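Biologist: I should like to understand how the terms used for a protein model are justified. May I put some questions to you while we look at it together?

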Amino acid sequence: MFDYPKPLSLSQSCADFLRFICRQKIFKILNNIAFLTFSLLMMMTNANAQVSFEGKFEQGALIRGQAPAGTQVSLNGEVLRVTPDGHFAFGFDRDGELSQQLALVYPSGLTEVKPLTVAKRQYDIQSVKGISNKIMKPDPIAQERAARDTAQVKAARGTFSEQTAFLQDFIWPLTGRISGVYGSQRIYNDVPGNPHFGVDVAAKTGTVVVAPADGVISLSVPDMFYSGGTMIIDHGYGVSSSFLHLSKLYVQAGDTVKQGQALAEVGATGRANGPHLDWRVNWYQMRLDPTTLVPPMATVLAKEKAAKAAVSPK
């Protein structure tokens with residue numbers, strides 16, 4: 001029974017009845033809208049709790065993420081490969097856009113679009129004068145050789161494998177004084193050179209270099225024009241480590257290596273001013289800052305010093 005006033009006439013009864021029914025429907029629709037809005041907010045809250053990231057959102061950084069198994073992920077419209085248990089990786093270029101977008105389609109069908117704000121970095125820029133023409137512009141034969149080297153390196157860095165070593169906590173392949181930093185750039189005779197895309201660690205020739213994480217050797221060449229002895233480890237899902245200017249290589253392409261395993265020896269091969277290790281990290285062809293994956297060198301050196309002091313005789 002509907003509880004509404006007794007009509008004074010048949011026409012008034014019909015009008016009042018229709019108004020009552022309309023009020024009931026509007027009330028029900030508003031209730032449904034409120035419920036759906038609340039449910040959507042709860043689903044979005046759960047989605048936010050379901051995806052997590054490791055890494056600092058800044059230019060040059062590697063980001064490792066995890067979402068529920070079966071989630072589809074894309075960055076700026078580019079589909080990312082995701083492990084069966086929901087892990088994925090992506091990077092921000094040295095001069096990458098400061099506003100980017102990550103889209104996730106969860107197994108439930110819910111789509112979440114996450115705007116990413118990337119911090120801008122400042123790089124060390126130096127001007128160098130008096131560089132010889134031979135160094136500024138190698139002869140055609142050297143240029144052809146360098147082009148072949150570049151093709152090999154790009155092929156190795158473009159490798160995709162289902163290894164999940166990229167999820168490990170990376171370690172420094174060599175500890176010591178940092179002599180070159182990522183992103184720095186020199187202006188040679190007023191002509192901008194390529195930025196430096198690695199971190200340099202100074203050491204004596206013959207100092208052992210170890211694997212920063214597990215992986216498979218995708219390139220091992222004793223003498224490239226610019227980088228000299230060059231080695232690349234594939235850590236999986238597009239993440240790789242490169243080691244340049246090596247004097248001796250212990251492993252070959254196709255070898256499986258474990259974190260901490262000896263790989264090679266420091267040298268000054270290729271175009272190098274002195275013995276050091278140039279360590280680089282890539283996400284496919286995107287060149288990233290290795291220091292975004294490891295503790296600060298000062299912290300590591302302090303721990304090494306404390307450990308030596310603890311075992312040394314008094």
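Modeller: The discussion below takes up strands, salt bridges and nonpolar cores in turn. Please bear in mind that this is a predicted model.

Biologist: What makes β1 and β5 edge strands?

Modeller: Three strands form an open sheet in the order β1-β2-β5, with antiparallel pairing. β1 (52-54) and β5 (87-91) each have a single partner strand, so one side of each has no neighbour in the sheet. From one strand to the next, the twist averages 25 degrees.

Biologist: How do you know that β1 and β2 are paired?

Modeller: Two strands pair if at least two bridges are found between them. β1 and β2 (residues 62-66) run antiparallel and are joined by three bridges, so the requirement of at least two is met. Within this pairing, glutamate 54 has arginine 64 in β2 as its bridge partner.

Biologist: Why is the contact between the side chains of glutamate 54 and arginine 64 called a salt bridge?

Modeller: The N to O distance between these side chains is 3.2 Å. The cut-off is 4 Å between a side-chain nitrogen of Lys or Arg and a carboxyl oxygen of Asp or Glu, so the term applies. Glutamate 54 lies in strand β1 and arginine 64 in strand β2, so the pair ties together parts that are 10 residues apart in sequence.

Biologist: Which of these terms fits each of the two residues: buried, partly exposed or exposed?

Modeller: Buried means under 20% relative accessible area and exposed means over 50%, with partly exposed in between. Arginine 64, at 6%, is therefore buried. Glutamate 54, at 39%, is therefore partly exposed.

Biologist: What makes glutamate 58 and lysine 56 a salt bridge?

Modeller: Their closest N and O atoms are 3.7 Å apart, and the limit is 4 Å, so the pair qualifies. Glutamate 58 has a relative accessible area of 14% and is therefore buried, whereas lysine 56, at 57%, is exposed.

Biologist: How do you know that lysine 258 and aspartate 214 tie together separate parts of the chain?

Modeller: Their side chains meet in a salt bridge, at 3.3 Å from N to O. Lysine 258 is in the loop between β17 (256-257) and β18, and aspartate 214 is in the loop between β13 and β14 (215-224), so the pair links parts that are 44 residues apart in sequence. Aspartate 214 is buried, with a relative accessible area of 17%. Elsewhere, salt bridges that share partners join Lys56, Glu58, Arg121 and Asp289 into one network. The count of salt bridges comes to 10.

Biologist: Why is strand β18 described as largely enclosed by the rest of the structure?

Modeller: Four of the five residues of β18 (residues 262-266) are buried, so the description follows. β18 pairs in the antiparallel sense with β13 (residues 208-210) over three bridges, and valine 210 stands opposite alanine 262. It also pairs in the antiparallel sense with β16 (residues 239-249) over three bridges, where lysine 248 stands opposite glutamate 265.

Biologist: Which residues touch the most other members of the largest nonpolar core?

Modeller: Of its 50 residues, these are Phe90, Leu102, Met231, Phe243, Leu263 and Trp279. Leaving aside neighbours within four places in sequence, phenylalanine 90 is in contact with nine residues' worth of surroundings that include Phe53, Ala61, Leu102 and Trp283. Another core, of six residues, lies apart from the largest one, and among its members are Ala156, Leu219, Met224 and Ile232.

Notes
Residues numbered from 1 in each chain as written. Predicted model: local features only at pLDDT ≥ 70, side-chain atom pairs only at ≥ 80, totals over all residues. Heavy atoms only, no water. Helix = DSSP H or I, 4+ residues; strand = E, 2+ residues; numbered from the N terminus. Axes fitted to C-alpha atoms, helices over the stretch in contact; angles between N-to-C directions. Core = buried A, V, L, I, M, F, W, Y, C linked by side-chain atoms within 4.5 Å. Buried < 20%, exposed > 50% of the residue type's maximum accessible area, 1.4 Å probe, protein only. Contact = heavy atoms within 4.5 Å.
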